[in-house]
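Let's take a walk through a protein together. Have a look at the picture below, and keep it open while you read.

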Amino acid sequence: MKALDGIKVLDFTHVQSGPTCTQLLAWLGADVFKVERPGVGDATRKQLVDKPGADSLYFTMLNHNKRSIEINSKNETGKEVLTRLIETCDVLVENFAPGALDRMGFSWETIQKINPRIIVASVKGFGPGKYQDCKVYENVAQCAGGSASTTGFLDGPPLVTGAQIGDSGTGLHLALGIVAALYQRERSGRGQKVLAPMQDGVINLCRVKLRDQQRLEAGPLTEYSQFGEGIPFGEATPRAGNDSGGGQPGRILRCKGWETDPNAYTYFITQAAVWEKVCDVIGKPEWKTDPDFATLKARLPRLNQIFGAIEDWTMTKTKFEVMDICNPLDIPVGPILSMKEIAEDEGLRATGTIVEVEHPERGPYLSVGCPIKMSDSPVEVTRSPLLGEHTAQILAEVLGYSPEEVDRVYRSGAVGEPKTVAAD
Ligand code: CAO
């Protein structure tokens, strides 16, 4: 038994934001039918290809536990199949460019008439307003959502982050909206529209930076390094390098081996509650009673001196030794883990966060499993579908088409060629 057992999802998503959402729904137990253009499929199938002829990792890592059905949504028989899917499904998820679903003939009003209980969930780049018609990708959302202007160092340009907060972050927001709408439907009996604009999702994740924007009116942000460096603040929340976003100063510091290893670094937080232990660990016990260092207020203008001394110590240890020494003392530290280290991490494999998946075209590959762990809804990650692998199965088993009808649909050209699927 899974949390979303029995929920059927018409997955009209592509690229990253939408597929992240429907992959999560699939992991929570929903039956997800990924609708793809015949012979073409999701554009990511053939993007960043590392194994010629095989679906890319971009596609496989975002489309686990789904079934694939090819449908040309602009063909009359294709529209008939889509209408049957809308009648049957609980949720339709899409992240087309604005207006594309309407142009296919499936406006919200039309969909509601077909199935008043269906939830129609969309990712768009922007919410209603002057940018509502724009096509948007990850980095556009990061920039328009305030992330880029607040990421990076003070003396450098705005930076985008490696975490896909615009795409995957919005997919997460959308999944929550869908699950809540399913719950509300239990009482209202009706579906609803769920919209997650990427700009809004990024702004939500940058909440603390809008906090700081307002705090600026009350004076300089004393926990920012630039305060101690005597650099005046401007009108907007500045880029803060690796300063911690909270009230406890933190920085990324070099560790043993940094000269040759680009990831030999640790994050180190000088949490006020453990300041005295920090002083002992780094060999500065005199700072415990020195009025220049004994209180957080006194320390804030001296962060460069303080983190310089801590770094003198961390550079004598590996990032893992720093963890081993500081964790028992409750000093919060975090090693800068490379993707190679994450891929090889036995603990992450044991919890199913890093999984090895077998694929008929690729062979085994690594993926990120479900990051949400539920005691009564276990997740088994299964490979992404090949293009149109389940077309005949979905027509027959889910939509109840007879063999003759399946044949008719294939002959209409609406669902691509019948497939002989490679064995796993
Ligand atoms: N059968 C027939 N036509 C299909 C189809 C199918 N199964 N699936 C899609 N199409 C058509 C669409 O109807 C659309 O046709 P029209 O332009 O005639 O309406 C066309 O394919 C292109 O769809 P699109 O505009 O969504 O795709 P794109 O590659 O041009 O743009 C993207 C991609 C992501 C920029 C755009 O979809 C978008 O802005 N989506 C919303 C925001 C978003 O999710 N962005 C993040 C993507 S992840 O980085």
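How does R302 count: buried, partly exposed or exposed? With a relative accessibility of 26%, R302 counts as partly exposed. Before we go further, keep in mind that this is a predicted model.

## The whole chain

Let's start with the overall view. The protein chain has 18 helices and eleven strands. Its C-alpha trace spans about 85 × 45 × 40 Å along the principal axes. There are 424 residues in the chain, and 46% of them count as buried.

What about the outside? The chain exposes about 20,600 Å², with carbon and sulfur atoms supplying 55% of that area. As for how the chain meets itself, take the contacts between residues at least 6 apart in sequence: 66% of these join residues at least 24 apart.

## Charges and salt bridges

Side chains of opposite charge can pair when their charged atoms come close. The protein chain carries 46 positive and 55 negative charges, and the mean positions of the two groups are 4 Å apart. Searching the whole structure turns up 23 salt bridges.

Back to R302, then. Its salt-bridge partner is D292, and the closest N and O atoms of the two are 3.4 Å apart. This pair links distant parts of the chain, ten residues apart: D292 sits in the loop between α11 (275-281) and α12 (296-299), while R302 sits in the loop between α12 and α13 (303-314). D292 is partly exposed, at 35% relative accessible area. Elsewhere, salt bridges with shared partners tie E36, R45, K46 and D55 into one network.

## Salt bridges and cover

Now try another pair. E223 and R215 meet through their side chains in a salt bridge of 2.9 Å, N to O. Why does E223 count as buried? Its relative accessible area is 8%, and buried means under 20%. R215, on the other hand, has a relative accessible area of 31%, so R215 is partly exposed.

D243 and R251 also form a salt bridge, and here the closest N and O atoms are 3.6 Å apart. Are D243 and R251 buried or exposed? Both D243 and R251 are buried.

## Strands side by side

Next, find strand β4, residues 91-94, in the picture. Strand β1 (residues 8-12) pairs with β4 in the parallel sense, over four bridges. In this part of the structure, V9 has V91 of β4 as its bridge partner. β4 also pairs in the parallel sense with strand β5 (residues 119-124), again with four bridges. There, I119 in β5 is the bridge partner of V91, and V93 stands opposite A121 of β5.

Keep going and you reach strand β6 (residues 193-197), which pairs with β5 in the parallel sense over five bridges. K124 stands opposite P197 in β6.

## Covered on both faces

How are the faces of β4 covered? V91 and V93 lie on one side, L92 and E94 on the other, and all are buried. β5 gives you a similar list to check: I119, A121 and V123 are on one side, V120, S122 and K124 are on the other, and all are buried. Put as a count, six of the six residues of β5 are buried.

## Two residues to zoom in on

K34 belongs to strand β2 (residues 31-36). With a relative accessible area of 0%, K34 is buried. Leaving aside residues up to four places away in sequence, K34 touches a list of residues that includes D11, H14, D42, F59 and R67.

M198 is in helix α8 (residues 198-205). This residue counts as buried, at 3% relative accessibility. Beyond residues up to four places away in sequence, M198 touches several others, among them V123, K124, Y137, E138 and D167. How far apart in space are M198 and L4? They are 25 Å apart, C-alpha to C-alpha, and 194 residues apart in sequence.

Conventions. Residues are numbered from 1 along each chain as its sequence is written. This is a predicted model: local features need pLDDT of at least 70, side-chain atom pairs count only at pLDDT 80 or more; totals for chains, interfaces and linings use all residues. Side-chain values use heavy atoms; hydrogens and water are left out. Helices (H or I, at least four residues) and strands (E, at least two) are DSSP runs, numbered from the N terminus. Buried means under 20% relative accessible area, exposed over 50%, partly exposed in between (1.4 Å probe, protein chains only). Contact means heavy atoms within 4.5 Å. Accessible areas come from the Shrake-Rupley method with a 1.4 Å probe; for residues, only the protein chains shown count as cover. Lys and Arg count as positive and Asp and Glu as negative; His and the chain ends are not counted. The place of a charge is taken as NZ of Lys, CZ of Arg, CG of Asp or CD of Glu. A salt bridge is a side-chain nitrogen of Lys or Arg within 4 Å of a carboxyl oxygen of Asp or Glu. Two strands pair if DSSP finds at least two bridges between them.
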